[in-house]
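I am opening a notebook on a structure that is new to me, and I will write down what I look up as I go.

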Amino acid sequence: MGARSSKSSTPKKGSSYANAYGSRDSKQSNFQDDSTPSRKETDNSTLERKQTKEEVVSPKKNATIFSSKEDEFYDGIPRIPAALSEKSRSRSFRVTALKAGSLGIGKAVDVLDTLGSSVKSLNSGSHFVTGPTTKGNELCILSFEVANTVMKGSSLMNTLSDRNIRHLKEVVFLSEGVQNLVSKDVDELLRIVAADKRAELKIFTGEVVRFGNRCKDPQWHNLDVYFEKQDRGLTRPKQFKVLPEVTMEQLLNLVQHTADLYRELSVLDKLEQDDQGGSNSTPTQKGRELYLTQTLKGQKKQVKLLKKKSLWSRSMEDVMEKLVDIVIYLNRQIKEAFESALSSACPNMQHKLGPSGLALHYANIVLQIDSIVSRSSPMTYIARSTLYQSLPPDIELSYRSRLTSFRVDKELDVPAIKAEIEKTLCWFSPIAINTAKAHHGFGWVGEWADTGSGGVRKPNGLNDINRVETFNHADKGPTEAYIVELLLWLNHLTNKMKIDAELEEVRSNPDSPKFANERSSQTASSNLTVASEEDEDEDERIVDHTEGSEETTVELPVVDFDSGHVTEKETIGGINGVEIEPVC
């Protein structure tokens, strides 16, 4: 059976396989002829098996043609004999798989990842399997972003509590700001709040889905599909192993340590920068460097301890299991709290300040007015120019048109004018403050980590701001009308304070030029008054004397002014024999 090539003197690699086939055929024929084979045949079969095993172990020798004819052309495809054992088959498969993996192991991992993320039906019972935290799978620097997301979920959970919902309906909806700027219809207010909560949940869910896609475990991938099925009731409702409130409390403990870690890392960074400064040979500098080295060593220990207590050392998979439970719980809470409002149409946001992007701008204008009114001194030029330059065109036009027609019924002093302004600011200013806080509420972790060790906790549960208490849902028309009214009163207040300041300056400094001019004008007017009174008294006195005396006649000469001679005499009346001489 084993054929040798005529082109080579060495035996072909396939000859051993051919001999093996031949030996097996002869062996089978021996068994058929005689049930007891000879010793020679047994030795030959044993030798042939060893040769076959050697050929299988070295796969490079398998590239041998198998032919029963010497002139058959070798096409390059190795022929594997069909009589190979299962052990040799497995070894060949492992070699082939190793070669394939070396060529495209990256693609194979991607394919397996895709397949794993697509089999969400394996979690039909809504149970996720979380393995132990392995080294190198910790959150590390991503823990600060996860902590920020946990704070968003905690804030939303607090606003959905029974106490906050009751406070919302009994206090917030009936407040003067909401009634004047948003709406007086309770049903519409409920629809507005329900839409806000759905929007906040969407933001929180999006971040959880993004964290899930970063996990190495494919069961946390594409959680948005899982959440949508849970929302629509397409899968069996998830049963919580631990109450979501307890889960959130556990996460907040980790967040608290993460906030402490954030601050301690900042301190460590400053100490390292100081330690990298140039060294001096003076004793004072050496002592300072020694103290700095000891402080730096203690700070590093503190940071290492906080990393173990915080989210830094937790795995993403461990945190994801808790975040998924919170998302599902918040969705159920919104449905229970606003069941009737969710079935209604969405509120009309056409004339609201939030969609138009003016909410924060109007809040800054109100806060500037509040700051100016709270001062005891008159408004400065910088404050006035800053305020009027920030006015939108609509408010500025309305203010200028009403400025000439604005009148006050009676004269008011400065405290009375401020009291009139405070009547509006007492409910208008808190809305502006809430708008500014809500705008910065979803910032980076440093904004809440720097508030102190207790800044994360909210013990009273009512510190969270509802967007209905901001300018986001305020109507544009009424809001602008109140701002214009405040500007008119502010202008009146500024003028009154300016007049009072000038009078106070005049009284405190009588030698000033302003006071001298005023004093001279007052003196002149008083002199004129006294002179007129004296003239009136003299006229009365003359009349009295005339009535009580006898009339006498006096002859006065008439002077000719051309010749200078007296031509005749003229008699004029005299009083008490007194002759009155004419004045030439």
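**Entries on charged pairs, surface and core**

I began with Arg232, which counts as exposed because its relative accessibility is 59%. Since this is a predicted model, I treat every value here as computed from that model.

I then asked which residue forms a salt bridge with Arg232. The partner is Glu228, and the closest N and O atoms of the two are 2.9 Å apart. Glu228 has a relative accessibility of 40% and therefore counts as partly exposed. Both Glu228 and Arg232 lie in helix H8, four residues apart, which is about one turn of the helix. I noted beside this that an α-helix has 3.6 residues a turn, so residues three or four places apart point the same way.

Next I looked for a salt bridge between distant parts of the chain, and I found Lys238 with Asp325, whose closest N and O atoms are 3.3 Å apart. Lys238 sits in the loop between H8 and H9, while Asp325 belongs to helix H11 (residues 316-337), and 87 residues separate the pair. Are these two buried or exposed? Lys238 is buried, because its relative accessible area is 7% and the cut-off is under 20%. Asp325, at 11% relative accessibility, counts as buried too.

I found another link of this kind between Lys152 and Glu207, whose side chains meet in a salt bridge at 2.5 Å, N to O. Here Lys152 lies in helix H4 (residues 143-159) and Glu207 in helix H7 (residues 186-213), with their positions 55 residues apart in the chain. Lys152 has a relative accessible area of 12%, so I recorded Lys152 as buried, and Glu207 is buried as well, with 13%.

I also wrote down a network of salt bridges that links Arg198, Asp231 and Lys335. For the whole structure, the count comes to 15 salt bridges.

I turned to the surface and asked which residues form a nonpolar patch there. They are Val242, Leu243 and Val246, which together have about 240 Å² of accessible area. Leu243 is in the loop between helix H8 (223-232) and H9, and Leu243 counts as exposed because its relative accessibility is 56%.

In helix H9 itself (residues 244-275) I looked up Ala259, which has 0% relative accessibility and so counts as buried. Ala259 and Leu311 are 52 residues apart in sequence, and their C-alpha atoms are 9.8 Å apart in space.

I checked the length of helix H14 (residues 359-373) against expectation: its 15 residues, at 1.5 Å a residue, should span 21 Å, and the end C-alpha atoms are 22 Å apart, which agrees. The buried residues of H14 include Tyr362, Ile365, Val366 and Ile369. What do the buried residues of H14 pack against? I listed helix H13 (353-356), helix H15 (381-389), helix H16 (393-403), helix H17 (414-439) and helix H19 (476-508).

My last entry concerns cysteines. A disulfide is a covalent bond between the sulfur atoms of two cysteines, and a search of the whole structure finds zero disulfides. I looked up two cysteines all the same: Cys140 counts as partly exposed because its relative accessibility is 31%, whereas Cys215 is buried, with a relative accessible area of 6%.

Key. Residues numbered from 1 in each chain as written. Predicted model: local features only at pLDDT ≥ 70, side-chain atom pairs only at ≥ 80, totals over all residues. Heavy atoms only, no water. Helix = DSSP H or I, 4+ residues; strand = E, 2+ residues; numbered from the N terminus. Buried < 20%, exposed > 50% of the residue type's maximum accessible area, 1.4 Å probe, protein only. Patch = residues over 30% accessible without salt bridge, like charges linked within 9 Å, V, L, I, M, F, W, Y side chains within 5 Å. Areas by Shrake-Rupley, 256 points an atom, 1.4 Å probe, with all protein chains shown as cover. Salt bridge = Lys/Arg side-chain N within 4 Å of Asp/Glu carboxyl O. Disulfide = S-S within 2.5 Å. Expected span 1.5 Å × (residues − 1). Contact = heavy atoms within 4.5 Å.
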